[in-house]
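Welcome, and thank you for opening the viewer. Please follow along stop by stop, selecting each residue as it comes up.

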Amino acid sequence: MDGLSKTLVAINIILVILLALFWHRCNEILLNSDKWLQCHDNNHHGNRCHGDALVPRDPAVTDTTVLQGGSSVWCKGDNNTDRNCHFHNLCFAPSSNSFLFLHGADTIITGVPDDRYSPALLDLSSVPNHNTQYFHYTDVPVDGLYHFKKVVTYRGVHFVFNRFNPSNLMHVLHDDLLPVFHTLLQLGLFNLETRKSSARLVFLEGWHEGEYFDMYEWMSRERPLLKDALVEHADDVLVCFEDVFLGLSKQTTWYQYGFDEPQGPLANSKATATEIRVFTNAFLQSLNMSIGNQQDHQLRGQSQIPKGQSKVKGQNQACLFTRESNRLILNEAGVISTIAQVSGLTTVKISLDDLLSTLYPNMEGTNPNMEEANPNMEEVNPNLDKTKPNMGDPHFDTELSSNLYKNSLSMLLQNIQKCKLVVGMHGSLLALIMFLLPGSAVIELYPYAVNPDHYTPYKTLANLPGMQITYKAWRNNIPENTVTHPYASPEKGGILHLSLQEQQRIMGSNEVPQHLCCSDPEWLYRIYQDTIVDIPSFHATLLSAIEIQNNLDNIQSGSFKTKAIPGAVQNSQCKRTTINDVFGIKLSWQPPWNLQFFTNIDQKYEVWIQVIGQGDYKAWILEMTEYVFTEGLDGKSNYRVWVRCLVGDKVGPFTSVHPC
């Protein structure tokens, strides 16, 4: 074999090897692609699949030419508290801890005020006008890109906001989850049918994940992105977002925490049961939970409900919300026994630790596989005398076996939905009453010297229009029934850091004066004390709550009649007429078409009659749909006539003008 032949053979061998390697690589790519598709189909958050495991999708590292056109922004709203903005190519510079807006040839700016620093373009939290929640961006020419060695771009849609206090359940639900959910709905970024979000959440405040991080994840396209993930990049890296929305709806908030004035219900809050329950239903469905039968809610109120019986399907227990480390109920067993005696319901305990154990199942001492209730637990007998507390009952003196639900979050919320009655000490766990079914009742307990009228986030929630939750407050008025903790740390109610005179004043006070947020020492001293609940007064409060609950008016599952506006009246006709030589205008019409869907309404009709060519008019309010008007009218003039329907305070549209 000559040299040329040997060379050709060698080349053929090399080609065969290369072809085999290429074919193997193609098969490998196809196989991994199938695995990725299978993983993607089973992945609710759109994470990238790698081998057999899920890993977060990495941002693409792009060339700066991708951003050469610059940033753009479209904003809606009159001020920072109600403004939301959509940015394209908004960037974050870890070196300056600031957002950058790149001005380039394709930059579009719509709805941004000239004085965007007065005080800010928008609020990053649902808590309005808080100076730690303002969003600003810095203007940079697009040539500023050359200052950075590389650009990291997060593809797709993102929603950026600040969690206000991710360690407190009330703040998580009220300030974050509800506003984010309804903002995503308004922006068309959340599909109620599929319960999937097209946006990835970005937490900008700098907190770590926190105890309730998993409660946010269901609203995010991928696992939410923390600020730490942005600032971990080198100072010479620019982090950009392809499409990002900022600015939270305040539609669902109902409470202010006392930054400018003592805490209390938000003035002019627009929150109703509809907004709350659209959220809670979507949240429950995201956990594959069934929702309480709304039609059954209509049954309550049609007749008296016997003690211990609920006309809402599945509501068959009373729940005592407890705390494990502070703000304790020291005679818990006596409270449970009283609830069981008066209500006739099996009474169970639910604590904040139960919730945390469902979110962090590896916490020491928790068992996510525990059955719903311990079958060997000593049950409180609901058939005891319910006319008065049995002070000799051993349940008043001994602790009951624990009946804590340490299961999945869905099981915990399912158990809360079974609660016909909830009793709990003032605290963030009571925010979960938003998951109660209509017709439930809540009794909130307050420690000594804490006025229930001054701290009402849960009362306000229960009383939102359409919630239909009976609310009562119980207050400890017996100083001997309280245990204070003056030696605790100041944030847990300790007062040793104060002067002796101030300590004595606080300990001798019988009511905490109203105050601003958030570290008033007298408030902390009193709210973190433990309480022996006075059984006779609690018994009376419980009876009052159940009586109100049993006398509720008919519950409507929907709120159509309270929100809907009547349509235009139908087939209106106007005729000039003379009766007994008296000129008149005969006007007739038919009720609005949608009035047939209103129930228990008091409709009226408003009629305007105006002489053509004159500015004033005469108005009448009528209950009938046909009438002859004669007062102040003459046959020489021509008239314009309008009619509209009134249902309560809801005003329908006028008909088109009728010349007559």
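On this tour, two residues are in contact when they have heavy atoms within 4.5 Å of each other. Keep in mind throughout that this is a predicted model.

**Stop 1: colour by confidence**

Start by colouring the chain by pLDDT. The average over the chain is 82, and 76% of the residues score at least 70. Now select residues 293-312, where pLDDT stays under 50. The model has 50 contacts beyond four places in sequence for this stretch. Next, select residues 362-407, where pLDDT also stays under 50; here the model has 88 contacts beyond four places in sequence. Please look at both stretches lightly: where pLDDT is low, the predicted coordinates should not be read in detail.

**Stop 2: Ser509 and its surroundings**

Select Ser509, in the loop between H10 and H11. Is Ser509 buried or exposed? Its relative accessible area is 14%, under the 20% cut-off, so Ser509 counts as buried. Which residues is Ser509 in contact with, leaving aside its neighbours within four places in sequence? Show Tyr448, Ala449, Glu522 and Arg526, and you have them. Then look along the loop to Glu511: its backbone oxygen lies 3.0 Å from a polar atom of the Ser509 side chain.

One of those contacts deserves a click of its own. Ala449 sits in the loop between strand E22 (441-446) and helix H9 (457-462). Ala449 is buried, at 1% relative accessibility. Its phi is positive, about 75 degrees, although Ala449 is not a glycine. As background, most residues other than glycine have a negative phi, and most peptide bonds are trans.

**Stop 3: salt bridges around the same loop**

Side chains of opposite charge can pair when their charged atoms come close. A search of the whole structure finds 15 salt bridges, and two of them can be reached from where you are.

Show the side chains of Arg505 and Glu522, which meet in a salt bridge at 2.9 Å, N to O. Arg505 belongs to helix H10 and Glu522 to helix H11, so this pair ties together parts 17 residues apart in sequence. How covered are the partners? Arg505 is partly exposed at 38% relative accessibility, whereas Glu522 is buried at 3%.

Now add Arg475, which forms a salt bridge with Glu511; their closest N and O atoms are 3.1 Å apart. Arg475 is in strand E23 (residues 470-475) and Glu511 is in the loop between helix H10 (500-508) and helix H11 (521-527), so parts 36 residues apart in sequence are tied together. Glu511 is partly exposed, at 29% relative accessibility.

Before leaving this loop, select Cys517 and Cys518. A cis peptide bond joins them, with omega about 20 degrees, and Cys518 is in the loop between H10 and H11.

**Stop 4: a bridge between distant parts**

Move to Asp236 and Lys149, whose side chains meet in a salt bridge at 3.8 Å, N to O. The two are 87 residues apart: Asp236 is in the loop between helix H4 (227-231) and strand E16 (237-246), and Lys149 is in the loop between strand E10 (138-141) and strand E11 (150-161). Asp236 is partly exposed at 26% relative accessibility, while Lys149 is exposed at 72%.

**Stop 5: helix H6**

Select residues 332-343, which make up helix H6. Its 12 residues should span 16 Å at 1.5 Å a residue, and the end C-alpha atoms are indeed 16 Å apart. How many residues of H6 are buried? The count is 12 of 12. Their cover includes strand E19 (317-322), strand E20 (346-351), strand E21 (419-425) and helix H12 (535-550), so try showing these elements around the helix. Just after H6 comes Gly344, with a positive phi near 75 degrees.

**Stop 6: two last backbone details**

Select Ser118 and Pro119. The peptide bond between them is cis, with omega near -10 degrees, and Pro119 is in the loop between strand E7 (109-110) and strand E8 (122-123).

Finish at Asn571 in strand E26 (residues 570-579). Its phi is positive, near 50 degrees, in a residue other than glycine. Asn571 is exposed, at 53% relative accessibility.

Notes:
Residues numbered from 1 in each chain as written. Predicted model: local features only at pLDDT ≥ 70, side-chain atom pairs only at ≥ 80, totals over all residues. Heavy atoms only, no water. Salt bridge = Lys/Arg side-chain N within 4 Å of Asp/Glu carboxyl O. Helix = DSSP H or I, 4+ residues; strand = E, 2+ residues; numbered from the N terminus. Buried < 20%, exposed > 50% of the residue type's maximum accessible area, 1.4 Å probe, protein only. pLDDT = per-residue confidence, 0-100. Expected span 1.5 Å × (residues − 1). Polar contact = N/O pair within 3.5 Å; in protein donor to acceptor, adjacent residues only side chain to side chain.
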